[in-house]
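Let's take a stroll through a protein model, with a stop at a strand and another at a hollow space. Have the 3D view open as you read.

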Amino acid sequence: MTERILGIDLGISSLGWAVVEHDAEHEENNSIVGCGVRLFTAAQTPKDHKSLNEARRNARGIRRVIKRRRVRMNQIKKLCIDHRLLQKNDFDLDNGMFNSPANRTDVWQLRHDALYRLLSGNELARVMIHIAKHRGYKFIGDNETDEESGKVKTAGKALKATFEAAGCLSIGEWLWRERQHNGKKRNRNVYDPKQKKKIPDYELSIPRDFLENEMKVIFDKQQKLGSTLATNELLSAWKVIALYVRPMQSIENMVGKCTFFPHEKRAPKSAPTAEKFVALGKFFATVVVDHEGKERKIIELKTVNELMHFVITKATIDYKQLRDFLGLKNDFSTIFKGLSYKSKKSETTEWKNVIKETETKPWISLKGHATFKKVLGDEGFNHFIANNDLADKIATVLTYYKDEGQKKEELAKLSLDPHFIETLYPITFTDFNNLSLKAMRIISSIMSDGYQRYDEAVHYAMDNGLLPKITQEKAIFLPPLKATDIAILNPTVIRAFAQFRKIANALVKKYGTFDKVHFELAREVNTQADINAMKEGQLKNEKERDATKRWMAENFPLIPPTRKNILKKRLFDQQGEFCPYTNEKILVESLFDEGYCEIDHILPRSRSGDDSQANKVLCMTQANQEKTNRTPYEWFGHDALRWEHFEARMNTHSNLAKMGKGKVSRLLKKNFDDNSQNEFLSRNLNDTRYMSKAIKSYCERYWKLAHDDDKLRIQVRSGKLTSELRYRWIEGYMKDRNIHTHHALDAIVIAFATQSMVQKLSHYYKAKETRHEKAKPIFNPPMEHFRHAVEEALTLERTETIITKDGREIPFNRLLISRPPRASVTGAAHKETIQRPSDYKGRGVSVNSGKGMCDNGDMPRVDVFTKRGKYYLVPIYVVDFAKKALPNITAYGEELAEDAQFLFSLYKDEIISISTKATANKPAKEVKGFFMQLIGPSILLNTIDNGAKEFFINTKINGKYTCQLNVLNALKVKKYTIDPLGYYHEVRGEKRLGTIPQETQKRKR
């Protein structure tokens, strides 16, 4: 029987699709019906691969900071007036500071002098305003764990040690004494000639408590000097205004809804009911196997209540502790199913030692129970846990709210004893489950009473009306994501979903419903060797972490065993106690000292997306600060001798053995260009693995295929299988990831990768691992002359004929590759740098009521006009859409003639073709490609498939092959529209859209 199968190769910025017909019994019926590629921009900034909303969010945050600072400063000034330090006429018309003489004392000197002489009211006010305006750093919540904050904290501690060693009472006194001549009193970005850009400087990172202490010292000194103005009342009022920190917002409104009860919020993971629910699932899932292979669940050995009392005794319980509790013998007669009992020791190693090594792996961790028991004590905890409903409410408050005041207020609403509130409010929990507490109580009760698994308990609850039945009507066309109950917040995944839906629905319209759908969305581990290697690596990491914790407890008992400190010690051992960059010995006694050594990303994380341990080294702090956002080669590769010594040191056998080939290759990597960055980013993004689960669930729940057993017909294929089949079916094929057609080729292979192929490959790997079979199985191509069929299917441009119902043949032009045009009017209105109008030369944007000029921001559109056979381009910037009328200034800087005829507007990624005349030096040519951008009066095109084509050269713009053409004297400029499947036709006429005010006025009419 012939089946129509859809193959999909989905990534974060591309989608390859293929429709094939497959007959398992008759190969001659197999065929490639169609294929194509859809390219789209990932929901990330092209330069640093961050969220598209981040720049806007940061700008909005800066505006809020400026607004709040303005309010704060006005309150401080009013405070100074109310306490008679100043008068209203001391301020200028803009309510600024001050109308005092230009030769007044430097405010930094006033902060120094305040400790030794009496200040006037005007001078004291200036000090108060100056410190309130630059009030230093204060870390709240999770902000103190990021990399930059760590550098700020380290610099702050070093700064404190410096000014205290100098005998200064305050940071202000030290800055004036030490820096009054060179003028550097704040952190400023410093220009790095090697990187040719400014980089952050953290030397003068001043924590807010330094400044709070300075104000206290100043007021104490002023009072001793006889000041009647520097009162404690004024200082207290100043602190309330100047040092105020907005409380962190509750996350209650961000919590998702329950899978079964849409009106109930998801349960906090640390709530007692939630932890008991998770524990129950663990009880029913944990199985022991005896020497005869007989399996028993642990609930057959102990009751649920006994197990529950046991798991709340400690924060984390490992398998060895569980073994002791269950009373199992400490030998190989009984093991836990799912654990890999291995040892790197010799075969004569006793099994009790193997068990001891293997079963140190955590079995269950109930963080909430452990935390409450620690702070409340045994008696208090027993009283607390007895009222389960109240305990859940308390855990919910401690998860929703981060601000101390809010937590106290919400806990008081539960009628708790004030002493009890003081004990509980410092606790903070995070994370939520997918179910509500209501659903968990129902399911837990059934599981406890009937010893049923989760799925059995859910079916029982639905059949008996305890849980609502989830029914979903499927359709042949996929619904928008927002119309489903699938909650996805990741913008990268949302965009990929939207493009997949467009392609899927377009294919259904053209080919009808499919028999099967095959996806490849992530490189999944699928051989037992891979699985064992992964487990072994995880076990090794766990053992090393545990060993490090024990070492720290013995040698540094006062240093907390945080993840960062553990990693420091592991890297310290791995590197042989030396800094890889400077070859300086790292002293173990200073290993955990702030500011001594730091963890560095070899390939900068912002550019590679690689946060793995293979991309981390422990280095001296000074080296890390000098390296900044560069690779080692970018940092000192220009120094031939230093680089030669570095290479020799890294390439030693002992170093390769300790650090690993992957880490050494990162340290010695030279060509970390745009292509390398994109490769690392795509490799390290978790989006595709997250996508593989979400999109499979989306299709199973909402997409109606040609058969009733839809769920079984939507399958995910591993990248390993696709790669193996591609290699076998197209011998000698070398995949070029720069050429976009490879996505369609992968989709063809994925479509033909049937379940029998999966089983065949799995059988081979299993046999290979047991050494029963060495020769690889034969994978015959799906059809005769498969390579030729693939090459024909991957033809970039073609003409397809559609026969209508009345027998007419209609030709359609089609490209294998399509892109959606980027027609939205978004982006920056102007550049950030503001220049004086008198110094500015160019066509920019006036800002600050004409006091400054900035270069234009983004150019979302180019309008194309023609007159007497010549073409004129008019760039339209974001700022132009807010004006009363569109500009008519061409790319040459000339005003467009009134009788010029408008042809169409060009947006990024639209298809255009340009025909040019032959000249004495250049032949006539016709070039078709995707519109990239306007460079002066010329258009920059990208090739359709990004391959090396005539007239296109690699311009090193993100590795793209481009062609730049001046269209003023072009013979013809054409624009085309293209649908998701690649069918395109020429645009023969468009109306010119106006500005936002113009279009609004039209709609009103």
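Below we look at one strand and its partners, and then at the cavity.

Keep in mind that this is a predicted model.

**The strand β1**

Let's start with strand β1, residues 2–10. Is this strand enclosed or not? Seven of its nine residues are buried, meaning under 20% relative accessible area, so β1 is largely enclosed by the rest of the structure.

So who are its partners? Strand β2 (residues 14–23) pairs with β1 in the antiparallel sense, and the two make a hairpin with three residues between them. On another side of the story there's strand β11 (residues 516–520), which runs parallel to β1. Here are the two pairings in a small table:

| Partner of β1 | Sense | Bridges |
|---|---|---|
| β2 (residues 14–23) | antiparallel | nine |
| β11 (residues 516–520) | parallel | five |

Want a residue to click on for each pairing? Try Ile8, which stands opposite Trp17 in β2. For the parallel pairing, pick Asp9, whose bridge partner in β11 is Glu520.

**The cavity**

Now for the hollow space. How many cavities of 30 Å³ or more does a search of the whole structure find? The search turns up one, and the largest cavity holds about 30 Å³ of space.

Which residues line the largest cavity? They are Lys151, Thr154, Ala155, Tyr202, Glu598 and Gln625. Helix α4 (residues 147–165) gives the most to this lining, with three residues. As for chemistry, the lining is an even mix: two nonpolar, two polar and two charged residues.

How values were computed:
Residues are numbered from 1 along each chain as its sequence is written. This is a predicted model: local features need pLDDT of at least 70, side-chain atom pairs count only at pLDDT 80 or more; totals for chains, interfaces and linings use all residues. Side-chain values use heavy atoms; hydrogens and water are left out. On a 1 Å grid over the protein atoms alone, a cavity is a set of points where a 1.4 Å probe fits but cannot get out, and a pocket is an open set with protein on both sides within 12 Å along at least five of seven lines; lining residues have an atom within 4 Å of a point. Grid points are joined across faces, edges and corners, and a volume is the space filled by probe spheres set on the points. Helices (H or I, at least four residues) and strands (E, at least two) are DSSP runs, numbered from the N terminus. Ala, Val, Leu, Ile, Met, Phe, Trp, Tyr, Cys and Pro count as nonpolar, Asp, Glu, Lys and Arg as charged, and the others, Gly among them, as polar. Buried means under 20% relative accessible area, exposed over 50%, partly exposed in between (1.4 Å probe, protein chains only). Two strands pair if DSSP finds at least two bridges between them.
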